[in-house]
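Thanks for making the time this morning. I would like to walk through one model with you, starting from a single side chain and working outward, so please have the view open in front of you.

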Amino acid sequence: QVQLVESGGGSVQAGDSVRLSCVASGRTFSDYDMGWFRQGPEKEREFVAAEMRGGSGIVYADSVKERFTISRDNGKNIVRLQMNRLRPEDTAVYYCAARASGNFRGIRASGTYDYWGQGIQVTVSS
């Protein structure tokens, strides 16, 4: 079993920055693709960003390109999401997720992920 714990959320003003962190435990971190998803009020869960195992690829949702950056520190078993120039529509519960297998084409699909964190709230006020 892999356990994921998010931290770093909170309430900020539009234009501000927030950095989310996700600490993984239980298995070798470098063996997993790591992703971030979010679910806003009355919305479906949507893909935000992901980084493949081995650094073979990074992908972002169109809505966060040029603003968000995903990174990972395999030595510390941490994946981070740096969020800049936040907008009210970024308000959501953010989830860290991990998958042990899968191809790059399906990296955006939540159903391909094996483990999920509990979620952490990010609120952006105008």
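Let me begin with aspartate 33, which in this predicted model has a relative accessible area of 0% and is therefore buried. This residue is found in strand E4, which covers residues 33–39. What does the side chain of aspartate 33 make a polar contact with? One partner is the side chain of arginine 99, at 2.9 Å, and a polar atom of the aspartate 33 side chain also lies 2.6 Å from the backbone nitrogen of arginine 53. If we leave aside the neighbours within four places in sequence, the residues in contact with aspartate 33 include Glu51, Met52, Arg72, Ala97, Gly102, Ile107 and Tyr113.

Arginine 99 deserves a second mention, since its charged end sits over the ring of tyrosine 113, 5.6 Å from the ring centre, while its side chain also makes the polar contact with aspartate 33 that I have just described.

Staying with strand E4 as a whole, 6 of its 7 residues are buried, so to speak a mostly covered strand. On one side of the pairing list we have E9, with which E4 pairs in the antiparallel sense over 7 bridges, and within that pairing methionine 34 has alanine 98 of E9 as its bridge partner. E4 is also joined to strand E5, residues 46–51, by 5 bridges, and these two strands run antiparallel, with glycine 35 matched to alanine 50 in E5. E4 and E5 form a hairpin with 6 residues between them, and for those of you who look at backbone torsions, glutamate 42 in the turn has a positive phi of about 60 degrees.

From E4 we can move to the aromatic residues, where the count comes to 6 aromatic pairs. In one of them, the rings of tyrosine 32 and tyrosine 115 have centres 6.2 Å apart and planes at 70 degrees, so the pair is edge-to-face. Tyrosine 32 is in the loop between E3 and E4, whereas tyrosine 115 is in strand E10, residues 115–116, and the two are 83 residues apart, which makes this a link between distant parts of the chain. Tyrosine 32 and tyrosine 115 are both buried.

Another pair brings us back to E4: the rings of phenylalanine 37 and tyrosine 113 have centres 5.1 Å apart and planes at 80 degrees, so this pair, too, is edge-to-face. Because phenylalanine 37 lies in strand E4 and tyrosine 113 in the loop between E9 and E10, the pair ties together parts that are 76 residues apart in sequence. Phenylalanine 37 and tyrosine 113 are both buried. Ring pairs link these two residues with Phe47, Tyr95 and Trp116 into a cluster, and the charged end of arginine 45 sits over the ring of tryptophan 116, 4.6 Å from its centre.

Now to the covalent cross-link. How many disulfides does the structure hold? There is 1 disulfide, and it joins cysteine 22 to cysteine 96 with an S to S distance of 2.1 Å. Cysteine 22 is in strand E3, residues 18–25, and cysteine 96 in strand E9, so that this pair links distant parts of the chain, 74 residues apart. The torsion about the S-S bond of these two cysteines is about -80 degrees, so the disulfide is left-handed. Cysteine 22, at 0% relative accessibility, counts as buried, and cysteine 96, also at 0%, counts as buried.

E9 has a further partner in strand E11, residues 120–125, and these two strands pair in the antiparallel sense over 3 bridges, with alanine 92 matched to valine 122 in E11. By contrast, strand E2, residues 10–13, runs parallel to E11, and 4 bridges join the two; here serine 11 has threonine 123 as its bridge partner. Which residues make up the covered face of E11? They are Ile120, Val122 and Val124, while Gln121, Thr123 and Ser125 form the uncovered face.

Finally, let me return to the loop between E9 and E10, where alanine 109 lies. Is alanine 109 buried or partly exposed? With a relative accessible area of 34%, alanine 109 is partly exposed. Its C-alpha atom is separated by 23 Å from that of asparagine 77, which is 32 residues away along the chain.

Notes
Residues are numbered from 1 along each chain as its sequence is written. Side-chain values use heavy atoms; hydrogens and water are left out. Buried means under 20% relative accessible area, exposed over 50%, partly exposed in between (1.4 Å probe, protein chains only). Two strands pair if DSSP finds at least two bridges between them. A polar contact is a pair of N or O atoms within 3.5 Å; within protein, one must be able to donate a hydrogen and the other to accept it, and residues adjacent in sequence count only if both atoms are side-chain atoms. Contact means heavy atoms within 4.5 Å. A disulfide is a pair of cysteine sulfur atoms within 2.5 Å. Rings of Phe, Tyr and Trp (its six-membered ring) pair if their centres lie within 6.5 Å; planes under 30 degrees apart count as stacked, over 60 as edge-to-face and the rest as tilted. A charge sits over a ring if NZ of Lys or CZ of Arg is within 6 Å of the ring centre and within 35 degrees of the ring normal.
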